[in-house]
Amino acid sequence: RPFFPIFGADFEIRPRMTASMAQTTLDVAIVVDRSGSMAYASGEAISGTPASAPEGWAWGDPVPPNSRWLDLVASVDAFCNVLNGTMKIEKVALCSYGTDTTTDVHLVDDYQLISNAMGLISGAFQGGSTAAGDGILAGLAAVNDSRYSRPWATSALVVMSDGDNNAGSDPMMAARQAADEGIPVFTVTFSAGADQTMMQQIADMTGGGHYHASDSAQLQQVFRDIAARLPSMLTE
């Protein structure tokens, strides 16, 4: 009921429908697996030399053409392309992990730098173990780096793995740190050998979500979906 009658009429207003829209400024770290298994095709057994590798191929050479890594490169490009189409400016960092962990690109709004860094890894693929916990810690450091992060932005991690954690820090302890800092971790597993149970637990602990892909097309769609839905998922 209005406080004052309008044109002499006294009536009540009853809402019939409500809607809401959330726009969130995002600082996101993509944390990618560059372990040795990423040189193999998505459905390939991890043994010997990758099937698509040229004769004489060795670690440190360009990654084989039919590799999980190149599937991931296309998927990260798809993620960034979706962000490019939004009205807000999201900043993205790239961290990668094998036996060691690196921050390949600090938070930027020029996504070509992300693509360039993925290309550098493709050109000299070293392989190694799977230190997923260290990867999560590197992602947290990237979104918390005051030189590049924005104090008004909402932070999140997107962490991808194709295998079992077998080096470095305990991923669950790293996830606990993310949860304590209020930073959700959205996890992506790729191929049958990925530890889906652990990655689901990390997502649940931090308030993120877990996604699994079995082939290149599914992986690209997962990354597109996360990029498109991330603002609303963070404000639900």
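How many helices and how many strands make up the secondary structure of the protein chain? There are six helices and six strands. The model is a predicted one.

## Overall layout

Along the sequence, the elements follow the pattern β-α-β-β-α-α-β-α-β-α-β-α. The protein chain has 236 residues, and 48% of them count as buried. Its accessible surface is about 11,400 Å². Carbon and sulfur atoms hold 52% of that surface.

Contacts across the sequence can be put in one figure. Take the contacts in the protein chain with a separation of 6 or more: 73% of them join residues 24 or more positions apart.

## The sheet

The six strands form an open sheet. Their order is β3-β2-β1-β4-β5-β6, and the pairing is mixed. Strands β3 (101-108) and β6 (210-213) stand at the edges. Each has a single partner strand, so one side of each is left without a neighbour in the sheet. From one strand to the next, the twist averages 15°.

Strands β1 (residues 26-33) and β4 (residues 154-161) run parallel. Six bridges join them. One residue pair can be named here: A29 has L157 in β4 as its bridge partner.

## Helices on the sheet

Helix α3 (residues 132-144) lies across four strands: β1, β2 (91-97), β3 and β4. Its direction runs at about 155° to β1. Helix α5 (residues 196-206) also packs on the sheet. Helix α5 touches β4, β5 (185-190) and β6. The directions of α5 and β5 make an angle of about 165°.

## Salt bridges

Side chains of opposite charge can pair when their charged atoms come close. How many salt bridges does a search of the whole structure find? It finds five. Three are described here, including the one between R150 and D27, with an N to O distance of 2.8 Å. This pair links distant parts of the chain. R150 sits in the loop between α3 and β4, while D27 belongs to strand β1, and 123 residues separate them. Both R150 and D27 are buried.

R34 and D100 also meet through their side chains, at 3.0 Å from N to O. This pair too links distant parts of the chain, with its residues 66 apart. R34 is in the loop between β1 and α1 (68-84), and D100 is in the loop between β2 and β3. Is each partner buried or partly exposed? R34 has a relative accessible area of 10%, under the 20% cut-off, so R34 is buried. D100 has 42%, between the 20% and 50% cut-offs, so D100 is partly exposed.

The side chains of R147 and D145 form another salt bridge, at 2.7 Å from N to O. R147 has 61% relative accessibility, over 50%, and therefore counts as exposed. D145 is buried, because its relative accessible area of 14% is under 20%.

## A buried threonine

T189 lies in strand β5. Why does T189 count as buried? Its relative accessible area is 0%, which is under 20%, so T189 is buried.

Which residues does T189 touch, leaving aside those up to four places away in sequence? They are S161, A194, D195, Q196, M199, H210, Y211, H212 and A213. S161 falls within β4 (residues 154-161). Q196 and M199 fall within helix α5 (residues 196-206). H210, Y211, H212 and A213 fall within the edge strand β6 (210-213).

Terms used:
Residues numbered from 1 in each chain as written. Predicted model: local features only at pLDDT ≥ 70, side-chain atom pairs only at ≥ 80, totals over all residues. Heavy atoms only, no water. Pairing = 2+ DSSP bridges. Helix = DSSP H or I, 4+ residues; strand = E, 2+ residues; numbered from the N terminus. Axes fitted to C-alpha atoms, helices over the stretch in contact; angles between N-to-C directions. Contact = heavy atoms within 4.5 Å. Salt bridge = Lys/Arg side-chain N within 4 Å of Asp/Glu carboxyl O. Buried < 20%, exposed > 50% of the residue type's maximum accessible area, 1.4 Å probe, protein only. Areas by Shrake-Rupley, 256 points an atom, 1.4 Å probe, with all protein chains shown as cover.
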